[in-house]
Amino acid sequence: MPILEISVNVEVAQDVKTAILGAISPMLASILGKPETYVCVLLHSNVGISFGGDDSKPAAFCRLHSLGGVNGKTTTRLPSLSHRHSRRSSKSKLIACSSLLRT
């Protein structure tokens with residue numbers, strides 16, 4: 001079961017969480033080539049994150065756990081998933097995912 005865990009250091013309202021989870025789940029399933037019924041997305045808000053020694057700016061940490069489906073092609077597509085969604089919902093502050101997912 002692929003699990004995408006997203007932690008952000010800002011408060012995310014419940015309706016925004018619902019929108020984020022509802023949008024990311026099918027996109028992640030598509031990228032990984034897995035049925036959405038197998039995909040789990042976790043969103044933790046208001047956690048302590050220091051990025052580049054600075055914990056005062058909105059940041060996110062994303063971690064993907066998957067048995068299979070992760071390769072060079074999928075890892076190049078994952079940052080665009082979070083980047084596209086952060087543009088749709090600027091309240092989510094998922095701006096650092098693309099940088100962190102590339103490593």
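The loop between strand 2 (40-44) and strand 3 (60-65) holds Asn 46. In this predicted model, the phi of Asn 46 is near 60°. That is a positive value in a residue other than glycine. Most residues other than glycine have a negative phi.

The overall architecture can be stated briefly. The chain contains three helices and three strands. Along the sequence, these elements follow the pattern β-α-β-β-α-α. The chain has 103 residues, of which 40% count as buried. Its accessible surface comes to about 5900 Å². Carbon and sulfur atoms account for 54% of that surface. Contacts were also examined by sequence separation. Among contacts in the chain with a separation of 6 or more, 77% join residues 24 or more positions apart.

Strand 1 spans residues 3-8 and includes Ser 7. The relative accessibility of Ser 7 is 14%. Ser 7 is classed as buried because this value falls under the 20% limit. Neighbours within four places in sequence were set aside in listing its contacts. Ser 7 then touches His 44, Val 47 and Ile 49. Ser 7 also touches Ala 59, Ala 60 and Phe 61.

Helix 1 covers residues 14-32 and includes Lys 17. Lys 17 is buried, yet it has no salt bridge. The nearest side chain of opposite charge belongs to Glu 11, 5.1 Å away. A salt bridge requires a nitrogen-to-oxygen distance within 4 Å. The Lys 17 side chain instead makes a polar contact with the side chain of Ser 45, at 3.4 Å. Ser 45 also appears among the contacts of Lys 17 once neighbours within four places in sequence are left aside. The others in that list are Val 12 and Leu 43.

Two further residues of helix 1 were examined. Ile 24 lies in this helix. Its relative accessibility is 1%, so Ile 24 counts as buried. Ile 24 and Val 41 are 17 residues apart in sequence. In space, their C-alpha atoms are 7.6 Å apart. Leu 32 also lies in helix 1. Leu 32 counts as buried because its relative accessibility is 6%. Leu 32 and Pro 2 are 30 residues apart in sequence. Their C-alpha to C-alpha distance is 8.4 Å.

Charge pairing was considered next. Side chains of opposite charge can pair when their charged atoms come close. The structure holds one salt bridge. The side chains of Lys 57 and Asp 54 meet in a salt bridge, at 4.0 Å from N to O. Lys 57 has a relative accessible area of 56% and is therefore exposed. Asp 54 has a relative accessible area of 23%, so it counts as partly exposed.

Definitions and conventions: Residues are numbered from 1 along each chain as its sequence is written. This is a predicted model: local features need pLDDT of at least 70, side-chain atom pairs count only at pLDDT 80 or more; totals for chains, interfaces and linings use all residues. Side-chain values use heavy atoms; hydrogens and water are left out. Helices (H or I, at least four residues) and strands (E, at least two) are DSSP runs, numbered from the N terminus. Buried means under 20% relative accessible area, exposed over 50%, partly exposed in between (1.4 Å probe, protein chains only). Contact means heavy atoms within 4.5 Å. Lys and Arg count as positive and Asp and Glu as negative; His and the chain ends are not counted. A polar contact is a pair of N or O atoms within 3.5 Å; within protein, one must be able to donate a hydrogen and the other to accept it, and residues adjacent in sequence count only if both atoms are side-chain atoms. Accessible areas come from the Shrake-Rupley method with a 1.4 Å probe; for residues, only the protein chains shown count as cover.
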